[in-house]
Amino acid sequence: PFNGLQHDVLLVYAETPPVTIVLNGNPSWYSMLEYNIVGLLPGKSKPREVILFSAHYDHEGVFGNRRDSILNGANDNASGTTALLILANYFSKRNDNARTIMFCAFAGEELGLLGSYDFATQINPETIIAAINIEMIGFPGLGKDRVFITGENFSDLPYILGNALRKNRIKVLADPDESMELFKRSDNYPFVLKGIPAHTIMAGTDKDRCYHQPCDEVDRIDIANMTRIIKAIAGSVENLVNGELTPTRIR
């Protein structure tokens, strides 16, 4: 239920039929119909200011003729999608958010951020205060209770989030390898191009041996560690959600 907010937040109306995007990579292993899935929790006192949470739910599909050819994507990015759903449940039960909270599960990230690029063309960027993307938090590739925030020098949102995450007992590291350009390779980036402070929280990189491999299975996920990270994210965005803090826009 957009309750009239969509006029400001998006450039389309709630009555408009959903846009369908057909994603075609190599049709021998990745050809399917996918949708961006978006939920909106209207703000109580600042409804036209939006905090956006996102994660991509697509992965690589089935590849090759190996004995196990299913690329499951438990860490990349079922873990981030799980965080998105838990955050949506948490904030909807609290029901005290001053700013509007938008939850976006994006399609087509693995084909070049297709879903988020499409969605970013339909928003009014001035309404988005901050965009927080969540990616690969299931396997503690950097150690337990440790994350990093991509693009830490592009806005002060990483500083805001980093300080709050540390208070919630999560250690925030520097980007372990900026040459991988992870800031530009996940669904935060289309929003960066619109001037929005938009960054990704990650607990590992694509140097993990199971990155885009069949072994990215649920039995590798450290559920307890992932739960602590999600709880810390929920606690760390309170000043953003309640309207007390506003990160500087990217120019």
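Q: Why is Asn72 called partly exposed?
A: Asn72 has a relative accessible area of 36%. Buried means under 20%, exposed means over 50%, and partly exposed is in between (1.4 Å probe, protein chains only). The value for Asn72 falls in the middle class, so partly exposed is the right label. Before we go on, this is a predicted model, where local features need pLDDT of at least 70 and side-chain atom pairs count only at pLDDT 80 or more, while totals for chains, interfaces and linings use all residues. Residues are numbered from 1 along each chain as its sequence is written, and side-chain values use heavy atoms, with hydrogens and water left out.

Q: Where is Asn72 found?
A: Asn72 sits in the loop between strand S6 (70-71) and H2. Helices (H or I, at least four residues) and strands (E, at least two) are DSSP runs, numbered from the N terminus. Asn72 and Val218 are 146 residues apart in sequence, yet 8.3 Å apart in space, C-alpha to C-alpha.

Q: What makes the peptide bond from Asp76 to Asn77 cis?
A: Omega for this bond is near 10°, and the bond is cis. Most peptide bonds are trans. If you want to find the spot, Asn77 is in helix H2 (residues 74-94).

Q: How do you know that Asp145 has a positive phi?
A: Phi of Asp145 is near 60°, and the residue is not a glycine. Most residues other than glycine have a negative phi. Asp145 belongs to the loop between strand S8 (128-135) and strand S9 (146-149). With a relative accessible area of 23%, Asp145 counts as partly exposed.

Q: What is the phi of Glu181?
A: Glu181, also not a glycine, has a positive phi of about 55°. You will find Glu181 in the loop between strand S10 (171-173) and helix H5 (189-192). At 44% relative accessible area, Glu181 is partly exposed.

Q: What makes Arg99 and Glu49 a salt bridge?
A: Side chains of opposite charge can pair when their charged atoms come close. A salt bridge needs a side-chain nitrogen of Lys or Arg within 4 Å of a carboxyl oxygen of Asp or Glu. For Arg99 and Glu49 the N to O distance is 2.8 Å, so the pair qualifies. The two partners come from distant parts of the chain, 50 residues apart, with Arg99 in strand S7 (residues 99-106) and Glu49 in strand S4. Arg99 is buried at 2% relative accessible area, whereas Glu49 is partly exposed at 26%.

Q: How do you know that Glu238 and Arg94 meet in a salt bridge?
A: Their N to O distance is 3.8 Å, which is within the cut-off, so this pair counts too. Glu238 lies in helix H7 (residues 238-241) and Arg94 in helix H2, so the bridge ties together parts that are 144 residues apart in sequence. Both are partly exposed: Glu238 at 35% and Arg94 at 33%. Arg94, Asp96 and Glu238 are linked in a network of salt bridges.

Q: What makes Asp222 and Lys144 a salt bridge?
A: The closest N and O atoms of Asp222 and Lys144 are 2.3 Å apart, so the distance criterion is met. Asp222 lies in the loop between strand S11 (198-202) and H6, and Lys144 in the loop between S8 and S9, so the contact ties together parts 78 residues apart in sequence.

Q: Why does Asp222 count as buried?
A: Asp222 has 14% relative accessibility, under the limit for buried, so that is its class.

Q: How many salt bridges does a search of the whole structure find?
A: The search finds eight.

Q: Why are H4 and H6 called oblique to each other?
A: The axes of helix H4 (residues 157-167) and helix H6 (residues 223-236) come within 9 Å and cross at roughly 120°. Angles under 35 degrees count as roughly parallel, over 145 as roughly antiparallel, 65 to 115 as roughly perpendicular and the rest as oblique. The crossing angle fits none of the named ranges, so H4 and H6 are oblique. Here axes are lines fitted to C-alpha atoms, for helices over the stretch in contact, and angles run from 0 to 180 degrees between N-to-C directions.
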